[in-house]
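Trainee: Hey, got a few minutes? I've never looked at this one before and could use a tour.
Mentor: Sure, pull it up and we'll start from a single residue.

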Amino acid sequence: SVEEQAAGSAVHNWRVGTEGDGLADLSLMPVPVPTRPRVVHVCAGYEFSCVIDEEGGVWTCGLGTAGQLGHGVRRSEGYPRRVDALSGLRVRSAACGEYHTLFVLEDGSLWACGEPLRVAARFVIALERGGGTSCPELLPRPVPGLEGRRVIAAAASAFHSVVVTLGREPPSSGTHGQSCLWAFGDGEYGRLGLGNHGLQATPARVHEWTTTTTTALRPHSSAAHQ
């Protein structure tokens with residue numbers, strides 16, 4: 001787990017690394033994690049973590065066997081390593097799932113790496129027949145299907161993700177100025193809110209409302225807004 005110390009924006013980590021990976025030893029007390037720029041955002045996934053600095057740079061560490069760290073390899077990292085593929089881009093926030101990471105950029109685009117479409121075995125064949133792939137993305141890439149929309153929040157879970165956009169659509173679409181909730185991934189048990197149990201390879205609109213403030217977005221397909 002990771003926490004941000006508000007006073008000095010220093011990152012402390014109870015566990016730097018993962019068991020069996022030959023990384024740093026288990027720590028029973030918070031210990032400082034080496035980070036050079038000031039930290040403004042921290043999130044944690046399944047045995048890995050992501051840090052965003054004040055310049056919009058991204059650093060990741062921990063388990064990386066599914067490409068969720070975004071370094072272009074299936075390799076774990078014991079200490080924060082800068083994600084070079086996002087250099088030159090300003091990242092505003094991130095969300096860590098079990099095997100994937102989502103990045104919300106200042107320009108409103110959504111990027112992802114790892115296995116954002118990690119699905120149950122029953123969906124793999126259907127996904128590939130539909131032109132998709134269950135192979136991991138080892139480097140962050142833009143998430144298709146949200147062109148022309150500004151992403152303001154994202155959350156990631158083990159098998160699915162949810163996103164909120166603030167209307168950047170043309171006025172003719174009738175949704176200008178509205179927030180929209182989108183979901184994609186494995187829809188088993190109806191977790192996507194799309195009225196079915198199927199796989200959604202790209203973000204699909206779930207709900208929209210007239211608002212400019214989203215107060216919370218949680219990975220179990222729930223959103224709170226004003």
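Mentor: Let's start with Thr60, which counts as buried at 0% relative accessibility. Keep in mind that this is a predicted model.

Trainee: OK, where is the place of Thr60?
Mentor: Thr60 sits in strand E6.

Trainee: And what does the side chain of Thr60 reach?
Mentor: The side chain of Thr60 reaches the backbone oxygen of Leu69, at 2.8 Å.

Trainee: Which residues does Thr60 touch, leaving out those up to four places away in sequence?
Mentor: Among them are Ser49, Cys50, His71, Tyr79 and Val83. Glu77 and Arg81 are on that list too, and we'll get back to that pair.

Trainee: What is the bridge partner of Thr60 in E7?
Mentor: That's Arg81. Strand E6 covers residues 58–62, and three bridges join E6 to E7, with the two running antiparallel.

Trainee: So what's the order of the strands in that open sheet?
Mentor: It goes E4-E5-E6-E7, four strands with antiparallel pairing. E4 (39–44) and E7 (77–82) are at the edges with a single partner strand each, so one side of each has no neighbour in the sheet. On average, neighbouring strands here are turned by 15° against each other, direction ignored.

Trainee: What holds strands of a sheet together in general?
Mentor: Strands pair through backbone hydrogen bonds, and they can do it parallel or antiparallel.

Trainee: Switching topic: how many salt bridges does a search of the whole structure find?
Mentor: Five. One of them joins Asp53 and Arg82, with the closest N and O atoms 3.5 Å apart. That pair links distant parts of the chain, since Asp53 is in strand E5 (residues 48–53) and Arg82 is in strand E7, 29 residues apart.

Trainee: Is Asp53 buried or exposed?
Mentor: Asp53 is buried, with a relative accessible area of 2%. Arg82 is partly exposed, at 27%.

Trainee: You promised to come back to Glu77 and Arg81. How do their side chains meet?
Mentor: In a salt bridge, at 3.0 Å from N to O. Glu77 counts as buried at 14% relative accessibility, while Arg81 counts as partly exposed at 29%. Arg75 comes in as well: Arg75, Glu77 and Arg81 are linked in a network of salt bridges.

Trainee: Why would side chains like that pair at all?
Mentor: Side chains of opposite charge can pair when their charged atoms come close.

Trainee: Got another salt bridge to show me?
Mentor: Try Glu137 and Arg141, whose side chains meet at 2.7 Å, N to O. Glu137 is partly exposed at 30% relative accessible area, and Arg141 is partly exposed too, at 45%.

Trainee: Now the nonpolar stuff. Which residues touch the most other members in the largest nonpolar core?
Mentor: That core has 15 residues, and the ones touching the most other members are Cys50, Val58, Leu86, Val91, Ala94 and Phe103. E5, E8 (91–96), E9 (100–105) and E10 (110–114) each supply at least two residues of this core.

Trainee: Pick one. What does Val91 touch, not counting residues up to four places away?
Mentor: Val91 touches Ile52, Gly56, Val58, Leu86, Phe103, Val104 and Leu105. There's also a second, separate core of 14 residues, which includes Ala95, Leu110, Leu146 and Phe184.

Trainee: Let's jump further along the chain. How many residues of strand E13 are buried?
Mentor: Six of its seven, so to speak mostly covered; E13 spans residues 160–166.

Trainee: Which strands are joined to E13?
Mentor: Six bridges join strand E12 (residues 150–156) to E13, and seven bridges join E13 to strand E14 (residues 179–186). Both pairings run antiparallel. E12 and E13 form a hairpin with three residues between them.

Trainee: Can you give me residue pairs I can click on?
Mentor: Val151 has Thr165 in E13 as its bridge partner. For the other pairing, Val163 has Trp182 in E14.

Trainee: Last one: what does the secondary structure of the protein come to?
Mentor: One helix and 17 strands. Of the protein's 226 residues, 46% count as buried. And of the contacts with a separation of 6 or more, 46% are between residues 24 or more positions apart.

How values were computed:
Residues are numbered from 1 along each chain as its sequence is written. This is a predicted model: local features need pLDDT of at least 70, side-chain atom pairs count only at pLDDT 80 or more; totals for chains, interfaces and linings use all residues. Side-chain values use heavy atoms; hydrogens and water are left out. Two strands pair if DSSP finds at least two bridges between them. Axes are lines fitted to C-alpha atoms, for helices over the stretch in contact, and angles run from 0 to 180 degrees between N-to-C directions. A salt bridge is a side-chain nitrogen of Lys or Arg within 4 Å of a carboxyl oxygen of Asp or Glu. Buried means under 20% relative accessible area, exposed over 50%, partly exposed in between (1.4 Å probe, protein chains only). A nonpolar core is a set of buried Ala, Val, Leu, Ile, Met, Phe, Trp, Tyr and Cys residues joined through side-chain atoms within 4.5 Å. Contact means heavy atoms within 4.5 Å. A polar contact is a pair of N or O atoms within 3.5 Å; within protein, one must be able to donate a hydrogen and the other to accept it, and residues adjacent in sequence count only if both atoms are side-chain atoms.
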